[in-house]
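Q: I would like to learn how to read a protein model feature by feature. Could we go through one together, with the general idea given before the particular case?

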Amino acid sequence: MNILLVGSGGREHALAWKIKQSPLLTRLVCAPGNPGIAAIAEVRDVQTTEVARLVMLAQEIAADLVVIGPEVAIEAGLADALEAANIPCFGPTAAAGRLESSKAFTKAFADRHHLPTGAYRICDDAESAKAALAHFHPPYVVKADGLAAGKGVVIAPDRHAAEAAIDDAFGGGFGPAGARVVIEEFLEGEIGSLFALSDGKTSMLFGWAQDHKRAFDGDEGPNTGGMGTYSPAPAFTFDLVEQVRRRLVEPAFKGIAAEGAPYRGVLFVELMATRHGPKLVEFNARFGDPECQVLMLRLESDLVPYLMACATGRLHEMPQPVWRDDDAVCVVLATQGYPGPAKAGSVIRGLDRDFGPEVVVFQAGTSAGPDGAILAGPGRALNVCATGEDLSEARERAYGAVALIDWPEGFHRTDIGWRALAR
């Protein structure tokens, strides 16, 4: 098979790493890719929202399958354009992708299809958003409606901070994504990430993990796109998984199909395990980042047949995926200042070291510099991942590798997996 993978982050590096292992693969091309991906696949300088050029690239390489990594390509309608060109695609249409691209759409969708979620108000201006705060108790959750690279959520401890977040959103702090905001009930419990595949008719659970959204240790600081994750997550008991499948996953796939947009790809369910059962925090229309990284390390089965089955309506023919018994941990290294303004261009050294067979370093926001140097972008740059017989061993290996990387301009959390260890 010839496969085109769209994206340039750590998620896509992990997908490329796993796809590369498939005996079905003939050729793997990634657009636009990154230096890490370039070491294992061909890369082409086509951006993730250049839909027409991506379709042309898929035709040029006679792609048997296109795999969409990032949400911006989904929102841009890449799957729609590929469908029109009769090219199989793993990734939902723009209409189905509204489950991620619009928080307001998703909340209303949850109401229509009786999905358990927190109370909310949708607001089109700062005045109505501030008035909506009266219906909630602190801490307040203020979300940009559109895509904001995982940074469009503010958890405000008091009303003053909530009003400041509202002013920031409507003042352009999140760009076009903040032209509308959703005020939400703060859900108490343990957060988790569950993944499910769908081919438009059949669905299948595809692993779960637990992310760390806040920037600093102890879940302090601003929300980010994710500072680390681990899998399996002890919070996902058999009972919880079954509840999520019955109350969130299957109704969501059935509901979006009933609204004329059958879902083909992976649905990422971010949920809160509350004392009243699992409640939807939000949907994402793609693999999580950095959750994908630990899932790929733990997935024993060949990934490619599952991707192709989703794209071609044959998921019902696939067996349940096989997972390694090992635990996996991902530690994210980001440029100091992230998720706020941060300076790009610092040099990351030490990536050529031998970290051991159970460690994999995925590159996220990096670029190639002079003489083969690896340069960091202004955000998340590296995903240092490891497996072990248990969580403690996986963490020890991951943090041991982090210590060998020479990047003074970077930072990371030192407590990834703390919830599971506390158990």
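Q: In which loop is Ala62 found?
A: Before we start, keep in mind that this is a predicted model. Ala62 is found in the loop between helix 3 (51-60) and strand 4 (65-68), and its phi is near 50°, a positive value in a residue other than glycine.

Q: Is Ala62 buried, partly exposed or exposed?
A: At 47% relative accessibility, Ala62 counts as partly exposed, since that class ends at 50%, over which a residue is called exposed. A useful companion is Asn86, which also is not a glycine and has a positive phi of about 60°. Asn86 is found in the loop between helix 5 (78-84) and strand 5 (89-90), and with 70% relative accessibility it counts as exposed.

Q: Which peptide bond leading to Pro32 is cis, and where does Pro32 lie?
A: The bond from Ala31 to Pro32 is cis, with omega near -5°, and Pro32 has its place in strand 2 (residues 27-32). The bond from Pro138 to Pro139 is cis as well, with omega near -5°, but here Pro139 lies in a loop, the one between helix 8 (126-132) and strand 7 (140-144).

Q: How should I read a sheet, and what is the order of the strands in the open sheet of three strands?
A: In general, the strands of a sheet pair through backbone hydrogen bonds, either parallel or antiparallel. In this model, the open sheet of three strands has the order 18-21-20, and its pairing is antiparallel. Strand 18 (347-348) and strand 20 (366-368) stand at the edges, and because each has a single partner strand, one side of each is left without a neighbour in the sheet.

Q: How many bridges join strand 20 to strand 21?
A: Three bridges join strand 20 to strand 21 (residues 374-376), and the two run antiparallel. To follow the pairing at the level of residues, look at Ser367, which stands opposite Leu375 in strand 21.

Q: How many residues of helix 11 are buried?
A: Eight of the eight residues of helix 11 (residues 291-298) are buried, so this helix is largely enclosed by the rest of the structure. Among these buried residues are Glu291, Gln293 and Arg298, along with Val294 and Leu295.

Q: How do I describe a pair of aromatic rings, and how many aromatic pairs are counted?
A: The general description of such a pair uses the distance of the centres and the angle of the planes. The count for this model comes to eleven aromatic pairs. In one of them, the rings of Phe206 and Tyr306 have their centres 5.6 Å apart and their planes at 50°, so the pair is tilted. This pair links distant parts of the chain, with Phe206 in strand 11 (residues 203-211) and Tyr306 in helix 12 (residues 303-312), 100 residues apart. Phe206 counts as buried at 0% relative accessibility, and Tyr306 is buried too, with a relative accessible area of 3%.

Q: What are the distance and the angle for the rings of Phe206 and Trp323?
A: Their centres are 5.5 Å apart and their planes stand at 65°, so the pair is edge-to-face. Because Phe206 lies in strand 11 and Trp323 in the loop between helix 12 and strand 17 (327-335), this pair ties together parts that are 117 residues apart in sequence. Trp323 itself is partly exposed, with a relative accessible area of 21%. Finally, Phe206, Tyr306 and Trp323 belong to one aromatic cluster, which also includes Phe90, Phe195, Phe268 and Phe287.

Methods. Residues numbered from 1 in each chain as written. Predicted model: local features only at pLDDT ≥ 70, side-chain atom pairs only at ≥ 80, totals over all residues. Heavy atoms only, no water. Pairing = 2+ DSSP bridges. Helix = DSSP H or I, 4+ residues; strand = E, 2+ residues; numbered from the N terminus. Buried < 20%, exposed > 50% of the residue type's maximum accessible area, 1.4 Å probe, protein only. Phe/Tyr/Trp six-rings, centres within 6.5 Å; stacked < 30°, edge-to-face > 60°.
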